[in-house]
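Take a look at the fold below. The tour runs from the whole chain down to single residues.

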Amino acid sequence: MKTAIVYFSKHHGNTKKVVDAIAAKHSDVQLIDCIGDVKDLSGYDRIGFASGVYAEHVAKQIQSFAKENLPEGKEVFLIVTAAMPNEHYFSDLTAIAESKHCTVKGKFKAKGFNTWGPFKLIGGTAKGHPTQEELDDAVKFYESL
Ligand SMILES: Cc1cc2nc3c(=O)[nH]c(=O)nc-3n(C[C@H](O)[C@H](O)[C@H](O)COP(=O)(O)O)c2cc1C
């Protein structure tokens, strides 16, 4: 199944570590930076969206990308990293996928190192995340889809 993962990862590259771990084990997976030039998803059967969480939402950039470029009726999976991962962080992308009659086949969340605002003063939160175990879990998640 031809698969792409569109990602946004700007804070510490936490989300990129997760998608890189998947792509390292599955060389057929195409990684697409959502702020890059590639926009055409029509040739993929299955599309992942991966983002850090910024003020309770996945990146606006990945939401816009999905709204503009996700074709109708694809299989979709979602990955988020956050200081304190929560199910509701999937809701923006789930709503966009559903509006395009796409099926959300799976959701994966992992902790990501955070030094946003005041958290920097205490050396950050979720230090050391994503861990190797979380990266291994991400690969297992992908393989379970
Ligand atoms: C501006 C900003 C806002 C954030 N807001 C949240 C938040 O609302 N909830 C949370 O759990 N983590 C929050 N975080 C932590 C990030 O979600 C976490 O570090 C994530 O792994 C960043 O992904 P990235 O390194 O791929 O960009 C925030 C980080 C930044 C920089």
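The paragraphs that follow go from overall form to the interior. Keep in mind that this is a predicted model.

Start with the elements. The protein chain has 4 helices and 6 strands. Read from the N terminus, their order is β-α-β-β-β-α-β-α-β-α. The radius of gyration is 14 Å, close to the 15 Å from the globule rule for 145 residues, so the protein chain is as compact as a globular protein of that length. Its C-alpha trace spans about 45 × 30 × 30 Å along the principal axes.

Next, the contacts and the burial. Of the contacts with a separation of 6 or more, 76% join residues 24 or more positions apart. Buried residues account for 48% of the 145 residues.

Turn to the surface. The protein chain exposes about 7400 Å² of accessible surface, and carbon and sulfur atoms hold 51% of that. Charge is matched in number: there are 18 positive and 18 negative side chains. The centres of the two sets lie 4 Å apart.

Now go inside. Which residues have the most contacts within the largest nonpolar core? They are Val6, Leu41, Phe49, Ile62 and Leu93, in a core of 26 residues. Strand 1 (3-8), strand 3, helix 2, strand 5 and helix 3 each supply at least two residues of this core. Strand 5 gives the most, with 4 residues.

Leu93 offers a way into this core. Setting aside neighbours within four places in sequence, Leu93 is in contact with Phe49, Val58, Ile62, Ala66 and Leu78. Two of these partners, Phe49 and Ile62, are also listed with Leu93 among the residues with the most contacts inside the core.

A second core is separate from the one just described. It has 17 residues, including Ile22, Ala110, Ala138 and Tyr142.

Finally, follow helix 3, which covers residues 91-99. Which of its residues are buried? They are Asp92, Leu93, Thr94, Ile96 and Ala97. Leu93 thus appears here again, as a buried residue of helix 3. What do the buried residues of helix 3 pack against? Their partners are strand 3 (46-54), strand 4 (57-58), helix 2 (60-69), strand 5 (75-82) and strand 6 (103-111). Among these partners, strand 3, helix 2 and strand 5 each supply at least two residues of the largest core, as helix 3 does. Just after helix 3 comes His101, with a positive phi of about 55°.

Terms used:
Residues are numbered from 1 along each chain as its sequence is written. This is a predicted model: local features need pLDDT of at least 70, side-chain atom pairs count only at pLDDT 80 or more; totals for chains, interfaces and linings use all residues. Side-chain values use heavy atoms; hydrogens and water are left out. The radius of gyration is taken over C-alpha atoms; the globule rule is 2.2 Å times the number of residues to the power 0.38. Buried means under 20% relative accessible area, exposed over 50%, partly exposed in between (1.4 Å probe, protein chains only). Contact means heavy atoms within 4.5 Å. Accessible areas come from the Shrake-Rupley method with a 1.4 Å probe; for residues, only the protein chains shown count as cover. Lys and Arg count as positive and Asp and Glu as negative; His and the chain ends are not counted. The place of a charge is taken as NZ of Lys, CZ of Arg, CG of Asp or CD of Glu. A nonpolar core is a set of buried Ala, Val, Leu, Ile, Met, Phe, Trp, Tyr and Cys residues joined through side-chain atoms within 4.5 Å.
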